[in-house]
Amino acid sequence: MGPSSRLLPTERRLATMLDVLRRGSKSWFAKALLGLLVLSFGVWGIADYLVRGGGPEPAIIVGGQSFDADVVRERFTEDLARLRRQGLDLRPEQALAFGLLDRTVRTFVQGAVLDESGQRLHLTVTDETLRGLIASDKQFQDSQGRFDRERLNRLLTANGLTEKRYVELRRREMIREALIGPVLEGAAVPAVGADLLAAHISQRRSGTVVRVPLTAVADPPAEPADPAALEPVYQNALARFTVPETRTVSLLSLTTAAVIKDITVSDEAVQEAYDQRADQFAQPATRALTQGLFPSEEAARAALAEVRAGRSLEDATRAQTGKAAVALPAVTRDGLPAPLGDAVFAQPVGQVGEPVQGPFGWHLFLVSEETPAHTRALTEVKDELRAALAEEQAQDALYGLSTRLEDTLAGGASLEEAAAQVGGVVHTLTLRRDGSDAEGKPQEGLPRAKTFLTTVFGLQKGPSHPSDRGGARLFRRPPRHPDPRHPAPAGRGQDRRADPVAPARAPARRRNPGR
């Protein structure tokens, strides 16, 4: 809509209504009414929230277990990433259509059902059994087939797991296998099905392939070809001459980065936020350890005797196991399995304590350093907190600017006029669906390219369309010049019509300049 455009009747009624609301909201009657609404929400709305417990409902509930939407969404994202690594490049909406979310939900439900069944049957896995299983896992063994503690630590760190969490996962997995195993062992594949499958897998085919390089294709004749002869070639290679659909749109983008530079956060505001968010800066107690791992209590006590006789824990561990002790620079109580965490944090600093049994064997610990639990000082987090407050204020300012823009646009202003009121700039872009410009060159600086392009190519003629995009507010004018996908006219690409393989032949000739 240009600056000189007139309002349609519906738009005039909308603009009039907005003016009435603005004037009316300034009266004492309107203010009193708004006050009653706020009070009623405080009495009934908040009370209802507190009575019901607040918070969103779980997405999945199985027995005594529940999973919220964020956990399900995270697992769905992991499953989608796994498919992409396997070469299946699906967009989230495609994955939903193919039932990936249903499979993700079934995984949660099936696992929870097995866990509930294991609890009802009182199934458990002893530490000794679990220790033997993990020690026999080939991915944790060295080249000589012996359990390698350092390799285990590296793999756990690479996968973002603590030792405690990994032990819990393996214990749960063993219980689930105990429930499923008897069922699978009793299942047998019918002989007919096995024979068909074996025949399919063993099938072999032979053939001959003739490769004709593009450089061997004869050049077209110099004189113009008969149009009647070219038309079938053109129709058969129509996709080669099809011009992609383009849209020319006007875009006004408001981002927090554009408004945050004008925001100043006072020291008083930083201090107040620090006092209110002190729990976010609390750090748990940590200890720096040297650990020796032994296959039995006897070996651990023999090493302890050597330490008390004056030998270092490093040398005593190597003498008993042939392996080095492991240094753990900073561990928390919760970062270790329960018996180990309690023992480590009850042990004096600078001494080797008594042997402690854990999921992977017997441990000796030397606590070399202790950092008590503390809260990070304001001087440490001041800059971090100031930046967070500025970002929050920028988000509020962004919302206010977008509201002003929406009101201005609803009043009949053009996108350029509305942008001028908030200091924004309107950019006009001609785009293809892949984000390139009309000539096929990459278009830089597009906001969240995939979502943005999907929205642009879904717009129809009408008023400007606002939308949120994580820290930005976008206002798009619908396409002024929608140019649908269409074959190039006969006058364009005449040479290509005469020689459909010319575009492919050119790179081959560049690779073979002697031809």
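What percentage of the 515 residues in the protein is buried? In this predicted model, buried residues make up 31% of the chain's 515. The fold is built from 20 helices and 14 strands. Taking contacts between residues at least 6 apart in sequence, 67% join residues that are at least 24 apart. With that overview in hand, let's step inside.

A good place to start is the largest nonpolar core, which has 22 residues. Leu-252, Leu-254, Val-265, Leu-385 and Leu-405 are the ones with the most contacts inside it. Four elements each supply at least two residues of this core: strand β4 (246-255) and the helices α12 (267-276), α16 (378-410) and α17 (415-421). The largest share, 9 residues, comes from α16. If you centre your view on Val-265, you can find Val-270, Arg-386, Leu-389, Ala-390 and Gln-393 touching it, leaving aside residues up to four places away in sequence. Apart from this core lies another one, of 13 residues, including Ile-134, Leu-152, Met-174 and Ile-175.

Next, the aromatic rings. The structure holds 3 aromatic pairs, and two of them are worth a visit here. Phe-140 and Tyr-166 meet edge-to-face, with 5.7 Å from centre to centre and 85° between the planes. Phe-140 belongs to the loop between α6 (127-135) and α7 (149-158), while Tyr-166 is part of helix α8 (residues 163-185), so their pairing ties together parts of the chain that are 26 residues apart in sequence. Both Phe-140 and Tyr-166 are buried. Tyr-274 and Phe-281, by contrast, are stacked, with their centres 5.6 Å apart and 20° between the planes. Tyr-274 and Phe-281 are both buried as well. A ring also takes part in another kind of arrangement: the charged end of Arg-75 sits over the ring of Phe-108, at 4.3 Å from its centre.

Now turn to a pair of helices. Two packed helices are described by the angle between their axes and the distance between the axes. For α13 (residues 297-308) and α14 (residues 313-321), the angle is about 140° and the axes are 9 Å apart. Their crossing is right-handed. On the α13 side, the residues that meet α14 are Ala-299, Ala-302, Ala-303, Glu-306 and Val-307. Their partners in α14 are Leu-313, Ala-316, Ala-319 and Gln-320.

Following the chain out of α14 brings us to Ala-325, in the loop between α14 and β7 (326-331). Is Ala-325 buried or exposed? Its relative accessible area is 10%, and under 20% counts as buried, so Ala-325 is buried. Setting aside residues up to four places away in sequence, Ala-325 touches Thr-290, Gln-291, Glu-314 and Thr-317. Leu-364 is 39 residues from Ala-325 in sequence, yet their C-alpha atoms are 9.4 Å apart in space.

Our last stop is another loop residue, His-122, which is placed between α5 (100-120) and α6. Most residues other than glycine have a negative phi. His-122 has a positive one, near 60°. How does its surface exposure look, and what is its relative accessibility? The value is 69%, so His-122 counts as exposed, whereas Ala-325 is buried in its own loop.

Key: Residues are numbered from 1 along each chain as its sequence is written. This is a predicted model: local features need pLDDT of at least 70, side-chain atom pairs count only at pLDDT 80 or more; totals for chains, interfaces and linings use all residues. Side-chain values use heavy atoms; hydrogens and water are left out. A nonpolar core is a set of buried Ala, Val, Leu, Ile, Met, Phe, Trp, Tyr and Cys residues joined through side-chain atoms within 4.5 Å. Buried means under 20% relative accessible area, exposed over 50%, partly exposed in between (1.4 Å probe, protein chains only). Contact means heavy atoms within 4.5 Å. Rings of Phe, Tyr and Trp (its six-membered ring) pair if their centres lie within 6.5 Å; planes under 30 degrees apart count as stacked, over 60 as edge-to-face and the rest as tilted. A charge sits over a ring if NZ of Lys or CZ of Arg is within 6 Å of the ring centre and within 35 degrees of the ring normal. Axes are lines fitted to C-alpha atoms, for helices over the stretch in contact, and angles run from 0 to 180 degrees between N-to-C directions. A crossing is left-handed if the near helix is turned anticlockwise from the far one by less than a right angle, and right-handed if clockwise.
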